[in-house]
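Here is a short briefing to read alongside the sequence and the 3D view. Take it topic by topic, with the viewer open.

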Amino acid sequence: MVYLQLIWSYLKIGLFGFGGGYAMLSLIENEIVQHGGSPSWGISEQTFTDIVAISQMTPGPIGINSATYIGYVVPANAGFDSPWWGLLGSIVCTLAVVLPPFILVSYTSHFISRHRDSAIIKGVLSGLRPVVVGLIASAALLLMNHDNFGTTPLELTVSVLLCLVSFLIVRYTKIHPISVIIGAGFVGFLVYYVFM
Amino acid sequence: MNIYLRLFFTFLKIGAFTFGGGWAMISIIEKEIVDKHHWLDRKDFLDLLAVAQAVPGILAVNISVVVGDRLRGMKGSFAAAMGTILPSFIIILAIAIFLTPELIKNNEVISAIFKGIRPAVVALIVAPVLSSAKAAGINWRTVIIPVAVALLIFSGLPVVSNPIIYIILGGIVGYIVFTRRAASKQTIN
């Protein structure tokens, strides 16, 4: 049953994926391209690369993006031709990847709120705060790569400038980060499409 | 407007402009939840981030669940999570139904726009490093912790580049330091 396999795979991705964004990528690849995915899924390494590329060009976490996309494509590959089967696949995969962490996070969050004044929770959180700062910094460092900054001298220069200016705006002005994203997209459009 | 609807629409906006996963959301969430709506202060938000990171799952969804839960319990977390998921779900579904991946990948306008957006997204992750360091009360003595954590994860070396280690260590060390301090305070009194 292709739907059960899909649900099982995305339950695993949801429950064993830590760290957000591209940290989950190898887990997803493992499930849908290699051992996890049965041959009837018809997901090639190329399709997987496509999904990653699309995820970089659309909003939202890659975990959700891949669940929605794989859920739509796989039933058709397995012979369930109507788009409604695809829609059903999209919904069940997205729910499968979201639901277990949703429950886990809710319980943890409730537990911590209830015991917020206990010594254990206060102590643990005080130790976690500097770690989380380090985690955010590591995410920033890991993303400063050629995928995000380009490879040619022109791309690198434009990217470093865009990153620097965006940082200064977000940090030192009241301009909304969403406006910064839209502005950077517009600069990208001008530099790489209109002038080149 | 009803608080659940406000939560939903706030996170819908956040979800629609989050490129590159949970870490890139932090700046936008800080702006919306901390600065604009004053639903949380920075330190609370940092504690919630710690919880979101410590539990498995998609970071962006976890963050919306912990924030929604803190503000309005289970219903709040449901509203926030739906807001985060829907833009991504609808856009990908539309691409899967109406377009082929090649059409998006090879579209020159879209790829030009995203060549501009990606370095800005990195900036959106660098900025909260400073604001969260301040909220965490990092000083010249404790700055070694985030620096070491960031560099070890960045190193890509086996074992030490796994973030889970530092969450577990941070929790244990934090607990020990906190109870010791409490104990020494008691003996002084």
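In this predicted model, the domain assignment splits chain B into domain 1 (3–137) and domain 2 (140–189). The C-alpha centres of these two domains of chain B lie 27 Å apart. For chain A, the assignment gives domain 1 (2–110) and domain 2 (145–196), with C-alpha centres 30 Å apart.

**Chain B as a whole**

- Chain B has eight helices and zero strands, so its pattern along the sequence reads α-α-α-α-α-α-α-α, by the DSSP runs used here.
- Along the principal axes, the C-alpha atoms of chain B fill a box of roughly 70 × 45 × 25 Å.
- Of the 189 residues in chain B, 53% are buried.
- Taking contacts in chain B between residues at least 6 apart in sequence, 56% join residues at least 24 apart.

**Where the two chains meet**

- The contact between the chains draws on 93 residues from chain B and 90 residues from chain A.
- On the chain B side, the elements giving two or more residues are α1 (3–16), α2 (22–36), α3 (42–54), α4 (59–98), α5 (101–105), α6 (108–135), α7 (144–155) and α8 (163–188).
- Helix α6(B) supplies the largest share of that side, with 23 residues.
- Sorted by class, the side of chain B that touches chain A has 67 nonpolar, 18 polar and eight charged residues.

**Two packed helices in chain A**

- Helix α1 (residues 2–16) and helix α5 (residues 83–114) of chain A pack at an angle of about 30°, and their axes are 7 Å apart.
- The crossing of α1(A) and α5(A) is right-handed.
- From α1(A), the residues making this contact include Tyr3(A), Leu6(A), Ile7(A) and Tyr10(A); from α5(A), they include Val92(A), Cys93(A), Ala96(A) and Pro100(A).
- By class, the contact of α1(A) with α5(A) has 14 nonpolar, two polar and no charged residues.

**Helix α9 of chain A**

- How does the length of helix α9 (residues 177–194) of chain A agree with what its 18 residues should span? At 1.5 Å a residue the expected span is 26 Å, and the end C-alpha atoms are 24 Å apart, which agrees.
- Buried residues in α9(A) include Pro177(A), Val180(A), Ile181(A), Ala184(A) and Tyr192(A).
- The buried residues of α9(A) pack against α8 (153–172) of chain A, together with α2 and α6 of chain B.

**Loop residues to look at**

- Ala78(A) sits in the loop between α4 (62–77) and α5 of chain A. Ala78(A) has 19 other C-beta atoms within 10 Å and counts as partly exposed, because buried calls for 20 or more.
- Trp41(A) is 37 residues from Ala78(A) along the chain, yet their C-alpha atoms are separated by 6.3 Å.
- His38(B) is not a glycine, but has a positive phi of about 50°. His38(B) lies in the loop between α2 and α3 of chain B.
- Is His38(B) buried or exposed? With 8 other C-beta atoms within 10 Å, His38(B) is exposed, since the cut-off for exposed is 12 or fewer.
- Val159(B), also a residue other than glycine, has a positive phi near 65°. The loop between α7 and α8 of chain B holds Val159(B), which counts as exposed with 7 C-beta neighbours inside 10 Å.

Definitions and conventions. Residues are numbered from 1 along each chain as its sequence is written. Chains are lettered from A and ligands numbered from 1 in the order in which they are written. This is a predicted model: local features need pLDDT of at least 70, side-chain atom pairs count only at pLDDT 80 or more; totals for chains, interfaces and linings use all residues. Two residues are in contact if their C-beta atoms, placed from the backbone, lie within 7 Å. Helices (H or I, at least four residues) and strands (E, at least two) are DSSP runs, numbered from the N terminus. Ala, Val, Leu, Ile, Met, Phe, Trp, Tyr, Cys and Pro count as nonpolar, Asp, Glu, Lys and Arg as charged, and the others, Gly among them, as polar. Domain bounds come from an automatic or database domain assignment. Axes are lines fitted to C-alpha atoms, for helices over the stretch in contact, and angles run from 0 to 180 degrees between N-to-C directions. A crossing is left-handed if the near helix is turned anticlockwise from the far one by less than a right angle, and right-handed if clockwise. The expected span of a helix is 1.5 Å times one less than its number of residues.
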